[in-house]
Amino acid sequence: MIAPISSSQQLSYIRAGDPYAPKLVFLHAFPLSSEMWRPQIEEFSSQFDCIAPDFRGIGESTPFETRPSFTMIADDVRLLLNHLHIFQQVTLCGLSMGGYCAFEFVRSFPDRVGKLILCDTRPDADSEQARKTRNELLEFALRNNASAVAEKMLPKLLGGTTRNEKPDVVGRVKELAAPHRTEHLAAMIQALRDRRDSTELLPNIKVPTLVISGEEDEISTPELMRDMALHIPNAKFVEIEKAGHLSNLENTPDFNAALREFVGK
Ligand code: MLT
């Protein structure tokens, strides 16, 4: 679906379920799209109104026109909710880059979040080394296609168990990462590189929060995520077995069970 969220901008998004039911908003990882949330939308749309936007330059969403930032992406999510006349509190679920967006959303619009789910993400900004690697990926993205970017990232995106034993998941991730235009990926890499440190925000997150980590996640390790949960006053930590960074796709049954326990019904 497409929402015109301003006079010059649109966002593509998935919406499924009962429009009068409680809201579950899913924020996607890099370099994927809202489609990465299909297994959760299938599971939860019988009891929730599930909404998953595509960030700027992804799917049919308008690309960044000025300096890319998560402040902008979080505001896009707010504008989408406004467009859909959703003004009650939502449960916000972000994985990795989606988590970075969730931090910005909570910081800017705390009254609009009732519960928070932070999956395979991290609160700190990029280190000097991470910024260097990010710049290399940016250069690579400008010289190659989206599939090559995904191929390069795959060893970090997926855990060893998935890479060795689940060719269907590997194939699905490649498929999800393939359609993007690389100049849009490059803009998103800038937003990732320049994102602010959200460590100070953690003690101020007042809503019930679920922190989920794949046990084999090398980008946001379980140790880092357990520590993050300790700094959020009302947080619960769950580790998903045999899953890496994309835990919702790598071990969907356990991921959905953790979500179900947290959101109820
Ligand atoms: C993601 O999965 O969204 C990215 O790996 C996030 C990052 O690179 O920081």
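User: What makes the place of Lys 242 a loop?

Analyst: Lys 242 lies between strand S8 (235-240) and helix H10 (247-250); helices (H or I, at least four residues) and strands (E, at least two) are DSSP runs, numbered from the N terminus. The model is a predicted one, in which local features need pLDDT of at least 70, side-chain atom pairs count only at pLDDT 80 or more, and totals for chains, interfaces and linings use all residues. Residues are numbered from 1 along each chain as its sequence is written, and side-chain values use heavy atoms, with hydrogens and water left out.

User: Why is Lys 242 called partly exposed?

Analyst: Buried means under 20% relative accessible area, exposed over 50%, and partly exposed in between (1.4 Å probe, protein chains only). Lys 242 has 49% relative accessibility and therefore counts as partly exposed.

User: Is Ser 96 buried or exposed, and why?

Analyst: Ser 96 has 7% relative accessibility, so this residue counts as buried. Its phi is positive, at about 55°, although Ser 96 is not a glycine.

User: What makes the approach of Ser 96 to the ligand a polar contact?

Analyst: A polar contact is a pair of N or O atoms within 3.5 Å; within protein, one must be able to donate a hydrogen and the other to accept it, and residues adjacent in sequence count only if both atoms are side-chain atoms. A polar side-chain atom of Ser 96 lies 2.9 Å from an oxygen atom of the ligand. For His 245, a polar side-chain atom lies 2.8 Å from a ligand oxygen atom.
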